[in-house]
Amino acid sequence: MTLKLPKIKNRKRFNFLFISVTSLPFIILAIALFGVGNFEFIPSFEELENPKTNIATEIISSDGVLLGTFHIENRSFTPYEELSANLVYALIATEDIRFFDHSGIDFHSLARVLVKTILGGDRSSGGGSTISQQLAKNLFPRDTTINRSSLLSIPKLAVAKMKEWITAVKLERNYTKEEIIAMYFNTVPYGSNAFGIRSAAATFFGKLPSQLTLEEAALLVGVINAPSRYSPVRNPERATRRRNHVLSQMHKYGFIDQEYCASISALPIRLTYMQQDQNAGPAPYFREMLRRTLNASEPRAERYINRRDYLADYKQWTEDPLQGWIRKNPKPDGTYYDIDRDGLKIHTTIHSKMQQYAEDAVTTHLRTDLQPLFGSEVRTRNAPPFSDDLTPEEVEFIIKQAKRWSDRHYRMKEAGATEQEIEKAFQTKTKMTVFSWRKGAIDTVMTPIDSILYYKSILRAAFMAMDVHTGEVRAYVGGPNYRYFKYDNISQGRRQVGSTIKPFLYTLAMQEGFTPCDRTLNVSQTFIVGDSSWTPASTDRPEWIGKNVTLKWGLTKSSNNISAYLMKQLGPNALVDMCHKLGIKSYLNPVVSLCLGPADLYVSEMVGAYQTYGNKGIHTEPLYVTRIEDKNGNVLATFHPRRKESISDRTAYLMINLLQGVVNEGTAYRLRSRYFPEGELAGKTGTSNNQSDGWFIGLVPKLAAGAWVGAEDRSVHFESLALGSGANTALPIWGLFMQKVLADPTLNISTTDTFEAPPGMNVNLNCDGSDNEIQGASVVRDDFF
């Protein structure tokens, strides 16, 4: 049975004079009791035109999906046209059957209340408030101060009612019936931190208001009366009875027939319940990054210990229009927008499907493969989860530092506890809920110090994907689970990049005239640094040493010897300059060891730099937001890609060729063998010292993406390179994500896409980076660096 939204003709209103005359005895009584002053807070017409409600700011994906909200009250506005007809009829049948016939006050209902409820004592006969009166109460709440004397409370209630009547009539004169119904649904609370019908529909059913079925609409209308008492989550039996009451009212007034009412009433409540808090929903790390970015204040030098950090942040403030947008763009009256209350609409570049694929990839790899392997290895250590390379004193220092940084230590210290009392608390078992990959959360009993060690054993991850041509960020996963791990490993934490920096060195070489098929001897290189010397440790197999190899082979095998050779030819300062051209903003120390990747950089920087290769040498800054609107849909700001030519299109294409060798024949070969037997791919693995950080940054012709995996502490890591390399820790996340992307035809990214060579390209690329290019060497593939 399908109900359609009523087309309401705004009939001629009751004469306002008639209402005033009819209400005159009550007005005289109220004024006599309390005086005119008690009515000074009746809202003006201007206040009625702009009622103050806390409207949540909506974060919207590029494909129109609501990712989440910033809110004090989780409330988003829904116009009448987007309401299900089931909602409208359920509300009218339950709360105000003569809604279309009165002008704010239903005198028929008032007479019934007077005769049956007040004089007859029958409280089951229902109330007399109209929808308009209830809306008046929601928009302009009563004074809830409790009076001990009934002599004061009864007249006070009478005055409050009179205010609501007058306000209701004013609402009826200012708004259409459709607008009043929409305003009502948008103002009422539904429990579970859901304010307004859109939030309620999403919280309880995972739907939009227009998609609600009759039984779902009846349930939500029933909840309005008492959200806690009729909560379908806490009190499903009461909620069912209340829902069925709404359905019976709809039958009583002819909206549905008896048979349909009976069949719907027999259905159990089926929820798709997800409380809409900041921890839930898609892209929580992205949403919190946006909050930090929009609310950022102008950097002040006196707040920084390191002037270099201040200058970097100040540059970001001046060049990025999104950074501190709230502070840079006050309202016309000079006040700042409140993203928790002002109902802004932030249209982002995130694609909801890609975001889901990215979150799934991180979860699947960590939960199913990596964390179980790491847990097995950690249990055999002397001081788990720390590496056996640490001394007992080093372990004790890390634990002591972790305790000092914890919330428990801070709260106890603020409360005046001594260090001895704090230490005792950390050694005392207590009830707590901890994160678990197997169960999501575990209620357990353990000491706080054990919980610190437990969390340090859980691997963290980060993943970001961006459109190669526009710079629009399509997926952003800052960690394994936002509810338990708030730290954003994409934009808050820098980690050592390892061999993923080597392509920047090769980029410099290509720019200076080298080609992928140029040859050199694979021998160790020694640098004279001051009064000492430094020789990078070789990562190559013994049978490869002393052979004549191509530069493509060097990057394919991630050879330290070949990287050191190029560093000798080009120099560290030139490498730093190239990194900055490609979009790296973090400070880089111009030392010769930089060619092996000791630098700590952000995931967002690395993905942004690799994007340049797929965009023919044009670097585009990661773009997170396309426009911001106010609650009425007026555009307040638009944001566009920020581009610059970093390298030539020739150099960019040569780098794609080099990175394809890594995937087809080198350290990222498992990407080809396990995930993508066909299609054009390019990328580079990276592993830092002691396997503390694993990386993979890769490209397909339309998308660049990067993954990082590591523990909170760098002293917590895999002991073996086979398990701790970027090829094993980070690459599978990239592979799982891209598998789903390429399998989804709606995303317009496929294995038939190709990297385009620039016009007139005539460089010899007849080398593949394989072992076959080494004379006299055995054919062995190594994919662990």
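A salt bridge is taken here as a side-chain nitrogen of Lys or Arg within 4 Å of a carboxyl oxygen of Asp or Glu. By this criterion, the predicted model holds 27 salt bridges. Several of these pairs are described below, followed by the nonpolar cores.

One salt bridge is formed within a helix. Arginine 291 pairs with glutamate 288, and the closest N and O atoms of the two residues are 3.5 Å apart. Both residues belong to helix α12, which spans residues 284-295, and their separation of 3 residues corresponds to about one turn of the helix. The two partners fall into separate accessibility classes: arginine 291 has a relative accessibility of 16% and counts as buried, whereas glutamate 288 is partly exposed, with a relative accessible area of 22%. Arginine 291 is classed as buried because its value of 16% lies under the 20% limit.

A further salt bridge is located in a loop. Aspartate 342 and lysine 331 are joined with their closest N and O atoms 3.0 Å apart. Both residues lie in the loop between α14 (325-328) and β5 (345-348), so the pair ties together parts that are 11 residues apart in sequence. Aspartate 342 is partly exposed, at 21% relative accessible area, and lysine 331 is likewise partly exposed, at 23%.

In the salt bridge between lysine 413 and glutamate 419, the N to O distance is 2.8 Å. Lysine 413 is partly exposed, with a relative accessibility of 42%, and glutamate 419 is also partly exposed, at 42%. Beyond such individual pairs, Glu58, Arg198 and Lys345 are joined into one network by salt bridges that share partners.

With respect to nonpolar packing, the largest core comprises 146 residues. Within this core, the residues that touch the most other members are Leu290, Phe463, Tyr476, Phe504, Tyr624, Trp734 and Phe737. Helix α15, formed by residues 352-378, gives the most to the core, contributing 9 residues. The surroundings of phenylalanine 737 were examined with its neighbours within four places in sequence left aside. On this basis, phenylalanine 737 is in contact with Met354, Tyr357, Ala358, Ala361, Phe463, Ala465, Ala475 and Leu703. One of these contacts, Phe463, is itself listed among the core residues that touch the most other members. A second core, separate from the largest one, consists of 49 residues, among them Leu91, Leu135, Leu139 and Ala217.

Methods:
Residues numbered from 1 in each chain as written. Predicted model: local features only at pLDDT ≥ 70, side-chain atom pairs only at ≥ 80, totals over all residues. Heavy atoms only, no water. Helix = DSSP H or I, 4+ residues; strand = E, 2+ residues; numbered from the N terminus. Buried < 20%, exposed > 50% of the residue type's maximum accessible area, 1.4 Å probe, protein only. Core = buried A, V, L, I, M, F, W, Y, C linked by side-chain atoms within 4.5 Å. Contact = heavy atoms within 4.5 Å.
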